[in-house]
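Trainee: I'd like to learn how to read cavities, pockets and salt bridges in a model. Can we walk through one together?

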Amino acid sequence: MAQRQEATRRKAKAEESKNRIYETALAVIGEKGFEATTILDITARAGVAIGTFYHYFHSKSGILEENFRRADEAFASFAATPGLKEGPAGERILRYLDRYALLIEETGIDLIKQLYTSKNKLFIRRGRAMQEGLIALLAEAQARGELKPEPGPEGICDYLFIAARGVVFHWCLLEGEKSIRELMREHFAPLVPIFLA
């Protein structure tokens, strides 16, 4: 029993350390930008050794990967919420995209600028919860006859996320002067109906 409690305590402490490093990294990147931020900047502010950073993250890019992992985790929870399945298909899709915009907003423009690069292949990785949740929503709407049969749930998902990334890139170009949530709704409110039956 004591060993199990000790293992649980160690696991909680490790998770706390990883979170502190991650949150600190986001704060430093927000202040200095990704390129100007060093691992030493992060570890000094987090109050951890450089070796501790490398225990949790293979490089500074590991912070970006952790951001994607957490985004997928958040979307897995969001996709399971009962309220998402209420209302017409178009409104459900717009709510899903609004959640995507909220995630972008919460991440902050400086980190988003680092994520939105052609070097970041995490966007097109198949099987991510963010896309799978939307595909499930679209498949359900299609089964109800609310969506056109073509291009199918995967095709519509690809189309919507390609367009959403374009909106986010445009928001970055505008330096976040306008709400990303407003921009997303403005661009998708007239676009989503083309898929409705």
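**Reading pockets, cavities and charge pairs**

Mentor: Let's start with the largest pocket, where helix 4 makes the biggest contribution to the lining, with three residues. Keep in mind that this is a predicted model.

Trainee: Which helices each supply at least two residues of the lining of the largest pocket?

Mentor: Those are helix 4 and helix 6. The full lining consists of Phe34, Glu35, Ser61, Leu64, Glu65, Gln114, Leu115, Thr117, Lys119, Asn120 and Leu122.

Trainee: What is the volume of the largest pocket, and how do its lining residues divide by class?

Mentor: The volume is about 220 Å³. The lining splits into four nonpolar, four polar and three charged residues.

Trainee: And the enclosed spaces? How many cavities of 30 Å³ or more does a search of the whole structure find?

Mentor: A cavity is a space where a probe fits but cannot get out, whereas a pocket is open. Here the search gives two cavities of 30 Å³ or more. The largest cavity has a volume of about 140 Å³, and the second largest holds about 40 Å³.

Trainee: Which residues lie nearest the centre of the largest cavity?

Mentor: Phe68, Tyr100, Leu103, Ile104 and Met130 do, out of a lining of 16 residues. When you look at a lining, ask which elements build it. In this case helix 4 (61-79), helix 5 (89-107), helix 6, helix 7 (129-143) and helix 8 each give at least two residues. Helix 5 has the largest share, with four residues.

Trainee: What is the class make-up of that lining?

Mentor: The largest cavity is lined by 11 nonpolar, three polar and two charged residues. Now try the second one: its lining has three nonpolar, no polar and three charged residues.

Trainee: Which residues line the second largest cavity, and which helices each supply at least two of them?

Mentor: The lining is made of Leu94, Leu97, Asp98, Arg181, Met184 and Arg185. Helix 5 and helix 9 each supply at least two residues.

Trainee: Let's move on to charge pairs. How many salt bridges does the count come to?

Mentor: To call one, you look for a side-chain nitrogen of Lys or Arg within 4 Å of a carboxyl oxygen of Asp or Glu. By that rule the count comes to 17 salt bridges. Take Glu175 and Lys113, whose closest N and O atoms are 2.5 Å apart. Glu175 sits in the loop between helix 8 (152-173) and helix 9 (180-188), while Lys113 belongs to helix 6 (residues 109-115), so this pair ties together parts that are 62 residues apart in sequence.

Trainee: Is Lys113 buried or partly exposed?

Mentor: Lys113 is partly exposed, at a relative accessible area of 29%. For another case, look at Lys32 and Asp41, which form a salt bridge with an N to O distance of 2.8 Å. Lys32 is partly exposed at 40% relative accessible area, and Asp41 is partly exposed too, at 24%.

Trainee: What is the N to O distance between Glu186 and Lys178?

Mentor: Their side chains meet in a salt bridge at 2.6 Å, N to O. Glu186 counts as partly exposed at 42% relative accessibility, and Lys178 is also partly exposed, with 31%.

Trainee: Which residues are linked in a network of salt bridges?

Mentor: Follow the links and you'll find Lys18, Glu23, Glu66, Arg69, Arg70 and Glu73 joined in one.

Trainee: What about cysteines? How many disulfides does a search of the whole structure find?

Mentor: The test is whether two cysteine sulfur atoms lie within 2.5 Å. Across the whole structure the search finds zero disulfides. You can still ask where cysteines sit: Cys157 is buried, with 2% relative accessible area, and Cys172 is buried as well, at 7%.

Trainee: One last residue, please. Where is the place of Thr24, and which residues does Thr24 touch?

Mentor: Thr24 is in helix 1 (residues 2-32). To read contacts beyond the local stretch, leave out residues up to four places away in sequence; Thr24 then touches Ile42, Arg45 and Ala46. Buried means under 20% relative accessible area, so Thr24, at 11%, counts as buried.

Note on methods
Residues are numbered from 1 along each chain as its sequence is written. This is a predicted model: local features need pLDDT of at least 70, side-chain atom pairs count only at pLDDT 80 or more; totals for chains, interfaces and linings use all residues. Side-chain values use heavy atoms; hydrogens and water are left out. Buried means under 20% relative accessible area, exposed over 50%, partly exposed in between (1.4 Å probe, protein chains only). On a 1 Å grid over the protein atoms alone, a cavity is a set of points where a 1.4 Å probe fits but cannot get out, and a pocket is an open set with protein on both sides within 12 Å along at least five of seven lines; lining residues have an atom within 4 Å of a point. Grid points are joined across faces, edges and corners, and a volume is the space filled by probe spheres set on the points. Ala, Val, Leu, Ile, Met, Phe, Trp, Tyr, Cys and Pro count as nonpolar, Asp, Glu, Lys and Arg as charged, and the others, Gly among them, as polar. Contact means heavy atoms within 4.5 Å.
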